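Please open the model in a viewer and keep the sequence at hand. The tour below proceeds by selections, each followed by a description of what is found there.

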Amino acid sequence: MKAKKYPLATIIGYGPDSKRATKLVVSIFRGPGEREGLMEKWLVPEGDIRQNPVIQAEVAAFIKRHHAVETVANAQLLGCPHEEGIDYPEGGVCPHCPFWANVDRHTLEPKSLDQPLTPEQILAGLSRRHTTQPLISLAAVELYRDQMVEPLVAAVERGLQDPENTPEGEALLFSYALAFLAKWREPRAYPLIIRWLSLPGEQAYAIGGDTVSEWGARLLASVCAGDLEPIKQLIQNPEANEFCRWAALDSLAVLAAWGERPMLEIMEYFRWLAREGLERQENCVWSALCSACADLELIPVFDDVRRAYNQGLIDNQFIHLKELDEIEAAPDGLAIDRFREKHPPFTDIAKETAWWSCFNQDTWAPLPPLPDNAFENVAPPEYQEPPPYIAPQPYVAPPKIGRNDPCPCGSGKKYKKCCGQ
């Protein structure tokens, strides 16, 4: 963490729950060894204090008056606005703010699964940026599954309303919700996932990040309940993002590998795509088709795939033509077994989300010195527009790197799921 500059102003919000602030505490610290700085408090009986223009101006003036060089604001609210021993008895629970009764104010995770929890309390733990995984909250979702289906479906719906401007906490909850709904094979998630992966441009990545490529195929396979038509429409939609179409195509391969759709049915559809179903121009969907045919050992379709190679429709960076020859020469079942192993059903959500980069981020956001009327710029990051998603540039590798080889960048993922995208 970068060293702070002094005098340092800190801004911490408190509220009756994790969403609405009714109290602000601003402290000025003269040096790194100072434990208790000069403090000022502001409270409002209703509304969100962070949106109060009068208090914004007062806070800005307080910070300027004490010559703060740097200002930082905690990204989250840090508990109940009432004070123990003043507003309620020492050792007790605030009677005015039941939300915090069984919730850790720093992590928003439940303190105990033995006490009844509301969906709001559980969702709060999944909506806060953590430096470690919120394992207690994940366990609470499973424990209260019957209560959580509706809130998780609603969380996905909220994320789709404005995917490019969804607050960070809601974006985290969006991805958690997708994983749990897929694990539970919830069919109500199906049209929502189709809608997500059909978003134009990079919008699907803007809210879901790399879950598009890492999870997309398995998400669709888990919730489609045998209805393949929406998946096929996405595959054949030239206006959709190429990698979202790749995920849709891979989902059919996943269903065949899981034994949930006949291999012959998927093979005939892939053959139709190769012969007439896909637009005759080079794109990632052609590479996805070739890769899927290789993974499922659909040898009767290989001649159609080779013709696509000869027509310049398939990029060798994703899968080289010689790999089809290798699969034809190898014992039956090896490629399918590898594909099935790499594409299991959702079972352990903690394991599925362990790779997220958010677990290594800082919860304090540095802010520039503020003019008198600029407190609105001090709002926590969840109230700021997130930066647009920037798609990773493909790694230009020699043809000898196969689609299932480890990626040269050292990520531990296979090449076509990492730098080869």
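**Aromatic pairs**

In this predicted model, the count of aromatic pairs comes to 10. Select first Tyr-176 and Trp-356: the ring centres are 4.7 Å apart and the planes stand at 50 degrees, so this pair is tilted. Tyr-176 belongs to helix α5 (residues 168-183), whereas Trp-356 lies in the loop between α16 (349-353) and β5 (364-367); the pair therefore ties together parts that are 180 residues apart in sequence. Both Tyr-176 and Trp-356 are buried.

Next, select Tyr-269 and Trp-272. Their ring centres are 5.9 Å apart with the planes at 25 degrees, so the pair is stacked. Both residues lie in helix α11 (residues 263-277), 3 residues apart, and are therefore separated by about one helical turn. Tyr-269 is buried, with a relative accessible area of 9%, while Trp-272 is partly exposed at 33%.

Now add Trp-215 and Phe-346 to Tyr-176 and Trp-356: ring pairs link these four residues into a cluster.

**A helix pair**

Select helix α8 (residues 211-223) together with helix α10 (residues 242-257). They pack at an angle of about 45 degrees, with axes 7 Å apart, and are therefore oblique to each other. The crossing of α8 past α10 is right-handed. To display the contact, show Val-212, Gly-216, Ala-217, Leu-220 and Ala-221 of α8, and Cys-244, Ala-247, Ala-248, Asp-250, Ser-251, Val-254 and Leu-255 of α10. Coloured by class, the residues of this contact divide into 9 nonpolar, 2 polar and 1 charged.

Technical notes: Residues numbered from 1 in each chain as written. Predicted model: local features only at pLDDT ≥ 70, side-chain atom pairs only at ≥ 80, totals over all residues. Heavy atoms only, no water. Axes fitted to C-alpha atoms, helices over the stretch in contact; angles between N-to-C directions. Helix = DSSP H or I, 4+ residues; strand = E, 2+ residues; numbered from the N terminus. Parallel < 35°, antiparallel > 145°, perpendicular 65-115°, else oblique. Left-handed = near helix turned anticlockwise from the far one by under 90°. Contact = heavy atoms within 4.5 Å. Nonpolar A, V, L, I, M, F, W, Y, C, P; charged D, E, K, R; others polar. Phe/Tyr/Trp six-rings, centres within 6.5 Å; stacked < 30°, edge-to-face > 60°. Buried < 20%, exposed > 50% of the residue type's maximum accessible area, 1.4 Å probe, protein only.
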